[in-house]
Every structure is written in structure tokens, then in C-alpha cells.
Amino acid sequence: MNIKKKHYLCGEVTMMGILNVTPDSFYAASRKQTDEEILSRADEILSHGGDGAIIDVGGCSTRPGSAPISEEEEMRRVCHALDLLQREFPNALLSVDTFRPEVAQKVVEDYGVSIINDISGNVACAMPNASYVLTSSEAGIDAIISDFKRKTEKIHSLQPSTEVILDPGFGFGKTRQQEYEILLNLHKIKETFPNNKLLVGVSRKRMIYEILGTTPDSDATLAGTRLIHHIAMLQGADIIRTHDLQ
């Protein structure tokens, strides 16, 4: 997969815009329910994300305390969004955020989705015809690197041609202090895995708004998100997953 990049003062990155077709994602403004909202958000991602912008479709919220939905409901939400996107934006680069192998298989085989973004890190969603975002829930940089080594070897033993994109998993299984220590040591992941793209997803997360004493939708949280994005880029991030692309 040839992912293009957007130029910033501190480097070039690919922008992955979040499209949540859910009623309960932690950031209320990211919830897109109607056809008009879904298409408007997709147009925003493609218009402001630069060349090669990725639309990351999520049909099942994984925010802390969220109630899991059925696989059938997740499939319905995601497939409806993909039908709309393929009709209106047939050349868009699509990713699906799912931890369910059956959903991953469906969207890759039936919709040609290019990336499976799997927060579970259990590698069951790795597909031969799509790139795979491997997320780690480990709590320290050395443990994350060990986790990545073990799991990338497993993926390539099962799917040798699969491109593995590495996500250190901000917001998953880590304390605030650990998250910032990982942020400042992202370069160690790049040094260990020079041939793998590094994805960072911190957009409007608790690690930002709790420290600021704000909420996910505040201007201060957006400013904090942008600052951390720039730090991540300086540390070698290749892909930034975000709600805000301007």
C-alpha cells in the first residue's frame, strides 16, 4: 500500500481521520449517524487531510465503560457506511476500526478495505489483502517493543505479505505517567522497527483533557492534542489518527 503524506513544519505524516458511525463514542462531535453526516465527515477528512488521507470507520465504541454491541450491529453500521463511501468516494483509502475477525474479513473481502485497525492486539484480524494496525496494551516502552516483536513474527508466520503498522496504544492499559514516558520514547520503536510505519492515536483522549482539567470537546483539549501530535511527529510517527484535520 502506497501511503502518501502531508507536510508539516516538523515533518511529513499521513493523516487518518476518525469517522465514528456510533451513538456513544467518547467525543460527542465525532458521532455520525445519518447518511448526510457520514458523507460530510468523509468529505472533510479527504479535503483537509492532504494526499493519501485515510478514512478510519468505527462501528463499535471502545471508550472506557462502553457497553459492547453485537457483532451483527457493528457489521450493519460499518457496512452501511462503506456502501455510502464507495458510492460517493470510490478512490478513498479506507480503514475499519474493529477487533472482530468476522467484521475484518467481511470488509476486506467485500469492500476492499485497505487497513484493519485492531485495538485488541490479538492479531486474529490480520488479513492477507490488507494492512494491519497492531495495537499494544503494554505499559512501558520496552514491554511494547517486546510485544511488537512477538506479534509481528506471529503475523508474518501466518500472513507473510501483511504490512504491519505499529500503534503503542495510548489510552489502553497505561497510566498517565506511562503514556507520556512512551510518547517521549517513540523513537525507540522506530529504531527497532525501521521498516514498519508508526501510528499514534491520542486525539482528545483522557491523557490530555484530565491533565488540563477540561473535557474532550474543549479548545484547550484540541490545543493539547495538536501539541502532542507534533511531539509524536518529531519522535518519528508516520500516521496520525485524529478527529481534527485542520
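Let's start at Ile119, which, setting aside neighbours up to four places away in sequence, is in contact with Thr62, Asp97, Thr98, Thr135 and Phe172. As you follow along, keep in mind that this is a predicted model. Ile119 sits in the loop between strands S5 and S6. Is this residue buried or exposed? With a relative accessible area of 17%, Ile119 is buried, because buried here means under 20%. You can also look across from Ile119 to Asp167: the two are 48 residues apart in sequence, yet their C-alpha atoms lie 8.6 Å apart in space.

Stay in that loop for a moment and find Val123, which also lies between strand S5 (115-118) and strand S6 (131-135). Its backbone deserves a look, since the phi of Val123 is near 65 degrees, a positive value in a residue other than glycine. Val123 is buried too, with a relative accessible area of 7%. A positive phi turns up again at Arg204, where the angle is about 55 degrees although the residue is not a glycine. To find Arg204, go to the loop between strand S8 (199-200) and helix H7 (206-212). For all its charge, Arg204 counts as buried, at 4% relative accessibility.

Now let's turn to the helices. In general, two packed helices are described by the angle between their axes and the distance between the axes. Take helix H2 (residues 71-88) and helix H3 (residues 101-111): their axes come within 10 Å and cross at roughly 20 degrees. That makes H2 roughly parallel to H3, because angles under 35 degrees count that way. The crossing of H2 past H3 is right-handed. On the H2 side, the contact is made by Glu71, Glu74, Met75, Val78, Cys79, Leu82, Asp83 and Gln86, and on the H3 side by Glu102, Val103, Lys106, Val107 and Tyr111. Sorted by type, the residues of this contact are seven nonpolar, one polar and five charged.

H2 has another partner in helix H1 (residues 35-48). The axes of H1 and H2 come within 10 Å as well, and they cross at roughly 55 degrees. The two helices are therefore oblique to each other, and their crossing is right-handed. Which residues meet here? From H1 come Asp35, Ile38, Leu39 and Ala42, and they meet His80, Ala81, Leu84, Leu85, Arg87 and Glu88 of H2. The residues of this contact divide into six nonpolar, one polar and three charged.

From the helices we can move on to the nonpolar interior. In soluble globular proteins, nonpolar side chains tend to be buried together. In this model the largest nonpolar core has 60 residues, and the members that touch the most others are Leu82, Ile116 and Ile189. Which element gives the most to this core? That is H2, with seven residues. Leu82 is worth clicking on, as this residue also belongs to the contact of H2 with H3. Leaving out residues up to four places away in sequence, Leu82 touches Val57, Leu94, Val96, Val107, Tyr111 and Val113. Among these, Val107 and Tyr111 are on the H3 side of the helix contact. Apart from the largest core lies another one, of eight residues, including Leu93, Ile115, Val133 and Ile239.

How values were computed. Residues numbered from 1 in each chain as written. Predicted model: local features only at pLDDT ≥ 70, side-chain atom pairs only at ≥ 80, totals over all residues. Heavy atoms only, no water. Axes fitted to C-alpha atoms, helices over the stretch in contact; angles between N-to-C directions. Helix = DSSP H or I, 4+ residues; strand = E, 2+ residues; numbered from the N terminus. Parallel < 35°, antiparallel > 145°, perpendicular 65-115°, else oblique. Left-handed = near helix turned anticlockwise from the far one by under 90°. Contact = heavy atoms within 4.5 Å. Core = buried A, V, L, I, M, F, W, Y, C linked by side-chain atoms within 4.5 Å. Buried < 20%, exposed > 50% of the residue type's maximum accessible area, 1.4 Å probe, protein only.
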